[in-house]
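This report goes through one protein chain, from its overall build to single residues. The sequence and the structure come first.

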Amino acid sequence: MSAEQFDVIVVGAGMGGMCTAALLAAQERKRVLILEKAGQLGGRATSFVGAELATWDDYRRPLGDAARTRLHRTLPDSESFVRERLLDGYVFEAGIHGIFPWGRIGHVLNAVGRPVALAPNDAAAWYRDGRFHRVRRGEPLPWMSERDMRESKSLVREMLRTSARQAEDCDHVPFKEWIEARTDSEKAVEFHRVMGGINLTLTDLAKMSTGDNIRINRQCILAGYHMSAGGTGTIGEPGYRLVFQRLAEAVCQAGGAVRTGHRVREIVVRDGRVRGVVATGPAGDYEAQSSAVISNVPIQNTFSLLPESLFPAAWVEKVKRFWSAGGLCVNFGLRRPLTREASYVPTLLRAADAGTDSDLFYVYWPTSAWAPTRAPLGEQLVEGYVPLTEVETRSKAILDRVCDAILAFMRTTYPTFDHDLRWAVFPVTNFLCGVAPAPHQVGEDKPEVKSPYIEGLYFSGDTVRGWGCAADAAVHAALLCAAAVGAYDYMQVVPEFMR
Ligand SMILES: Cc1cc2nc3c(=O)[nH]c(=O)nc-3n(C[C@H](O)[C@H](O)[C@H](O)COP(=O)(O)OP(=O)(O)OC[C@H]3O[C@@H](n4cnc5c(N)ncnc54)[C@H](O)[C@@H]3O)c2cc1C
């Protein structure tokens, strides 16, 4: 039987690969084949509808396979979840997923003619000194003195004055260095540390890239959003998964195909040119041919598909050393709303409580207050997140202490928390590579989307060229990748300040 032919083959149905594929299909009518090894689309941004989970493995497996995330702790035990159908009516993400209404994904969905309603937050509160402080657009932050506020604002103004190009000069400058050269106000530094925590999913100022932090802050402000209104958001039922369904529709409408449960074993290269892939599907091995293959597999895993000998040794070394951050997520199912306000709440957990070297950034939000279809009527889904180092995510003792610190915080802050808590899961990932931009791993230090070494080989996803907040960086890479493969400058899909 002759091998199938496609204009483009994409390996991996993550955000980067799916956006690239949908753009090429919708704008240029390219026939694209997407092959995904996991049983569902979305990669690290996959999501779950509780009522569909017949067994615990229906949740645990895709969480590990696609999202590279495992469960550290559950309350109650996993058998009770299944027996009591605790997740029915809840729709939740692999870990968590704050979507950015100000980000690039909305523009891509519009460009492929398949918009998705993104539900924004409409309030924010900062938990500090044992109480909540409302954050309101245009108003001073209530816990800051006039001087702290002036210092803080002047840093924001400087970021806004810096163009995206100028920010490249600061790519490799640790944010700690940048901010300490400009202010000695502890509260201004703390504010920007928390904002950096949201943007870069890192707690440590020294590990944050100044360039990426500046570009992301500008992007949010210039798009007209504020932490208290649309600074983050979510998607109603069926969760983030809807984005991938819509992108897949665009691919299929142009004559392409999207296959889950199909693992690519090899990208075939002959005489320095890509020829196609060899994949294993439910019916066995097969070959698909194309002169353009996009690997959406995180870049350090490239050599599971292609021999290292095809690339220069320095490139192989660089890619293998690709750095990863980690994080502990929380999903709480509550019998009654924890909060009626659709607030986004950042705070810091004390190092002494968490057992870590420095204080930890913790942010949580009532997802179903923004998107009511995410929890049963009258109940509430709360999601939250603590960025950790990769090493911390490997320590059971530290993870236990961080879980305990989160629970202690929730109990102290919400006296009826224990009574209201129906269930909790604490997923942990050590695979936030590309999500957490550190000074040594941004800008031109990220590999290019078009391989200079193999003709017809391209890369997409958050581990290659492109900047932005987490999944938004994967979309940026997708725009660059689609432009490299196709005939259009796909950067035109997004406003100038997002390019
Ligand atoms: C727990 C967690 C929470 C997160 N929270 C947020 C958040 O709140 N906001 C946000 O913006 N981002 C968040 N992120 C990051 C976001 O999910 C990623 O930046 C984004 O999904 C990365 O997309 P990608 O396309 O680069 O890669 P991936 O999603 O990793 O896609 C790679 C795909 O390739 C597939 N694959 C690998 N090998 C093969 C093979 N041989 N054959 C076929 N398929 C293969 C994988 O299964 C996967 O589907 C979070 C990530 C995690 C893990």
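What follows covers overall build, domains, one domain interface, salt bridges and backbone geometry.

## Overall build

The model is predicted. Its chain holds 17 helices and 21 strands. Its radius of gyration is 22 Å, close to the 23 Å that the globule rule gives for 499 residues, so the chain is as compact as a globular protein of that length. Along the principal axes, the C-alpha trace spans about 70 × 55 × 40 Å.

## Domains

Three domains are assigned to the chain. Domain 1 is made up of segments 4-41, 240-322 and 435-498. Domain 2 takes in 47-93, 98-121, 231-239 and 325-429. Domain 3 is the single segment 138-222.

## Interface of domain 1 and domain 3

The C-alpha centres of domain 1 and domain 3 are 32 Å apart. To the contact between them, domain 1 contributes 15 residues and domain 3 contributes 19 residues. The size of an interface is often expressed as the accessible area lost when the parts come together. Here the area buried is about 1400 Å², and carbon and sulfur atoms give 62% of it. On the domain 1 side, the residues that lose the most area to domain 3 are Pro-439, Trp-467 and Phe-497; together they account for 43% of what that side buries.

What polar pairing is found between domain 1 and domain 3? Four residue pairs are in polar contact, with both residues at pLDDT 80 or more. The rule finds zero salt bridges across this interface. The side of domain 1 that touches domain 3 consists of ten nonpolar, two polar and three charged residues.

## Salt bridges

Side chains of opposite charge can pair when their charged atoms come close. The structure as a whole holds 32 salt bridges. One of them joins the side chains of Arg-44 and Asp-462, with an N to O distance of 3.0 Å.

This pair links distant parts of the chain, its residues being 418 residues apart. Arg-44 sits in the loop between β3 (32-36) and β4 (47-49). Asp-462 belongs to the loop between β21 (457-459) and α17 (471-485).

## Backbone geometry

Most peptide bonds are trans, and most residues other than glycine have a negative phi. Which residues does a cis peptide bond join? One such bond lies between Leu-75 and Pro-76, with omega about 0°. Pro-76 is in the loop between β5 (69-75) and α3 (78-83). Another joins Glu-237 and Pro-238, with omega about 5°. Pro-238 is in the loop between β10 (233-234) and α10 (241-253).

Arg-29 is not a glycine, yet its phi is positive, at about 55°. Arg-29 lies in the loop between α1 (15-28) and β3.

Notes. Residues numbered from 1 in each chain as written. Heavy atoms only, no water. Domains from an automatic or database assignment. Contact = heavy atoms within 4.5 Å. Buried area = accessible area lost by both parts, 1.4 Å probe. Salt bridge = Lys/Arg side-chain N within 4 Å of Asp/Glu carboxyl O. Polar contact = N/O pair within 3.5 Å; in protein donor to acceptor, adjacent residues only side chain to side chain. Nonpolar A, V, L, I, M, F, W, Y, C, P; charged D, E, K, R; others polar. Helix = DSSP H or I, 4+ residues; strand = E, 2+ residues; numbered from the N terminus. Rg over C-alpha atoms; globule rule 2.2 N^0.38 Å.
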